[in-house]
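Trainee: I've got the model open and a list of labels I'd like to challenge. Can we go through them one at a time?

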Amino acid sequence: MDKILIIEDDLDQLSILSQYLKQKKWQVEQANTASKGIDLAKSTNPDMVLMDYKLPDLDGSELLSRLKEILPLTPIIIITAFGSIEMAVSALKQGAYHYLTKPINLDELTVLIERGLKTKKLEEEVKKLKAKLNEEKFSTPPNIIAQSEKMKQVLVLVQKVATTEATVLILGESGTGKEIIAELIHTLSLRNNQPLIKVNCAAIPKGLLESELFGHEKGAFTGAVKSKPGLFELANKGTIFLDEIGDMDIELQAKLLRVLQNNSFTRVGGVKEIKVDVRVIAATNKNLEQLVQEQKFREDLFWRLNVFSLTIPPLRERKEDIEPLFTHFIDKFGQKYQKNIQGISRKALELLLTYEFPGNVRELENIAERAVILAEGDKILPQDLPPYLQNKPSSSLNKLMTLPLPKALDELEKYRITEALKLSHGIQTKAAELLGISERTLRYKLNKLGLK
Ligand SMILES: Nc1ncnc2c1ncn2[C@@H]1O[C@H](COP(=O)(O)OP(=O)(O)OP(=O)(O)O)[C@@H](O)[C@H]1O
Ligand SMILES: [Mg+2]
């Protein structure tokens, strides 16, 4: 039931209005002063307000603007004394929904209220839709596919952390999209007009990484003929992405920790403290906790990095993403190879959906590129997929690999027992022999698995 708040100091008028509106099946709240009206507006959240413009304790235009603040979408109808049209006009300019002059025509009032309530509902609807649109606009940056609930959750976290200065640790198997997520965090951050410097800690030879990251002074080592700033200095005011952080040398980790703690470091062979303002995003496909246990990764650095960690799930745990990703990649490679490919055949899609993707999204991307090159028509067919996908073990075996273990064992038992019974024409002694179990065990299992 819609709720109407009446603010009116004339008690007779107040009671007439409220009785009339109640009888019209609306819920009514009454206030005989502006301050009570404001309190009720806050506590009861009405769908419509009727307010007298002349109240003893507050100027009408002041009350109107307070009410608009508290109830931005609620229509407010002003009641004015006859003849004060100028006042009414200024109230309308201030955002009142309508005005009525005393004596009030109750039919007119009813029509106005009904119309006002309808408008309010529409406005609320529009607002909700707009909010939803904004959300959706965010959750699908054009180059990032996130159809699955799991990836959507990752994006929600990304959105939340991006605008902070927090160090972010991105975890996930190889090819899951750690780098693309790191880029997104930088893009959504306040540093997005500053550099994003990417460093692959595993790709730079151990001895060189320190001077790459922190720079060196002239003569620091053989070959250092000039002094050179490191990547941390180049990333100043921006973001540095330390990829494969799990591969960083343990001695160098100490220096990194110092930067994270003090924002300062010295170049190799230098003594001067250099201050930088750099946000760090790190990523690894290694299990850092295990590396800590093996004393290959500093525990203090781990905790420092782990303040905010994001785990990108492997593709096999978010199969809803497979088709949209594949389509996305087909578009991309279709443009690259000038081929107009419309989609994927059902059979080919099935092969993709039952595959485990040890190489995750990167593997899917490679499969898509290869398929676009091979495709002869406007659809990707099974023969355009790599042979290992086409002759892979039957999908039921594949299913066994993903079911929870107890379920998988049940399935396997069911399958083997049914096969054995078929082969032995239903003779249990023979079937038990084939399975290498006793007849009693077989009977027990038949019972347990509901195969009788
Ligand atoms: N959600 C996604 N939407 C679109 N493309 C994606 C998505 N996730 C990953 N990719 C693409 O897949 C490829 C691999 O992603 P990325 O390099 O970010 O993975 P990674 O986790 O850093 O891999 P690695 O551990 O091998 O370095 C890239 O080409 C990337 O653009
Ligand atoms: Mg990577």
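Mentor: Sure. Keep in mind that this is a predicted model. Let's start with E29, which touches K3, I4, L5, I6, L40 and T44, leaving out residues up to four places away in sequence. E29 sits in strand β2, residues 27–31.

Trainee: What makes E29 a residue with no salt bridge?

Mentor: Look at the nearest side chain of opposite charge, K3, which is 4.9 Å away. A salt bridge needs a side-chain nitrogen of Lys or Arg within 4 Å of a carboxyl oxygen of Asp or Glu, and 4.9 Å misses that. E29 is buried all the same.

Trainee: Then why is the pair K120 and D47 called a salt bridge?

Mentor: The closest N and O atoms of K120 and D47 are 2.9 Å apart, and the limit is 4 Å, so the pair qualifies. K120 lies in helix α5 (residues 106–139) and D47 in the loop between α2 (34–44) and β3 (48–52), so this bridge ties together parts that are 73 residues apart in sequence.

Trainee: How do you know whether K120 and D47 are buried or exposed?

Mentor: Buried means under 20% relative accessible area. K120 has 7%, so K120 is buried. D47 has 17%, so D47 is buried too.

Trainee: What makes R267 and E217 a salt bridge?

Mentor: Their closest N and O atoms are 3.8 Å apart, which is within the 4 Å limit. R267 lies in the loop between β11 (264–266) and β12 (273–275), and E217 in the loop between β8 (215–216) and β9 (228–229), so the pair ties together parts that are 50 residues apart in sequence.

Trainee: And how do R267 and E217 get their burial labels?

Mentor: R267 has 14% relative accessibility, so it counts as buried. E217 has 24%, so it counts as partly exposed; that label covers the range between 20% and 50%.

Trainee: What about K296 and E294: how do you know what joins them?

Mentor: Their side chains meet at 3.2 Å, N to O, and that is within 4 Å, so salt bridge is the right name. K296 counts as partly exposed at 48% relative accessibility, and E294 is partly exposed at 38%.

Trainee: How many salt bridges does the structure hold?

Mentor: It holds 29. Elsewhere, E8, D52 and K102 are linked in a network of them.

Trainee: Why is E149 called partly exposed?

Mentor: E149 has a relative accessible area of 49%, and exposed starts over 50%, so E149 stays in the partly exposed class. This residue is in helix α6, residues 149–162. From E149 to V268 the C-alpha distance is 46 Å, with their positions 119 residues apart in sequence.

Trainee: On to E317. What makes its link with K150 a polar contact?

Mentor: The side chains of E317 and K150 are joined at 3.5 Å, and the cut-off is N or O atoms within 3.5 Å. E317 is located in the loop between β14 (308–311) and α13 (322–336). With a relative accessible area of 42%, E317 is partly exposed. Its C-alpha is 9.0 Å from that of E356, although the two are 39 residues apart along the chain.

Trainee: How do you know that H216 is buried?

Mentor: H216 has 8% relative accessibility, so it counts as buried, given a limit of 20%. H216 lies in strand β8. A polar atom of its side chain is 3.1 Å from the backbone oxygen of K226. Beyond its neighbours within four places in sequence, H216 is in contact with several residues, including F221, R267 and V268.

Trainee: Last one, ligand 1. Which residues come nearest to it?

Mentor: Of the 17 residues around ligand 1, I145, G175, K178, R362 and E365 come nearest.

Trainee: And what makes the pairing of R362 with ligand 1 a polar contact?

Mentor: An N or O atom in the R362 side chain is 2.5 Å from an oxygen atom of ligand 1, inside the 3.5 Å cut-off. A backbone N or O atom of E179 is 3.0 Å from a ligand 1 oxygen, and a polar backbone atom of I180 is also 3.0 Å from an oxygen atom of ligand 1. Taken alone, ligand 1 exposes 620 Å², and the protein buries 88% of that.

Conventions:
Residues are numbered from 1 along each chain as its sequence is written. Chains are lettered from A and ligands numbered from 1 in the order in which they are written. This is a predicted model: local features need pLDDT of at least 70, side-chain atom pairs count only at pLDDT 80 or more; totals for chains, interfaces and linings use all residues. Side-chain values use heavy atoms; hydrogens and water are left out. Helices (H or I, at least four residues) and strands (E, at least two) are DSSP runs, numbered from the N terminus. Buried means under 20% relative accessible area, exposed over 50%, partly exposed in between (1.4 Å probe, protein chains only). Lys and Arg count as positive and Asp and Glu as negative; His and the chain ends are not counted. Contact means heavy atoms within 4.5 Å. A residue is near a molecule or strand if one of its heavy atoms lies within 4 Å of it. A polar contact is a pair of N or O atoms within 3.5 Å; within protein, one must be able to donate a hydrogen and the other to accept it, and residues adjacent in sequence count only if both atoms are side-chain atoms. Accessible areas come from the Shrake-Rupley method with a 1.4 Å probe; for residues, only the protein chains shown count as cover.
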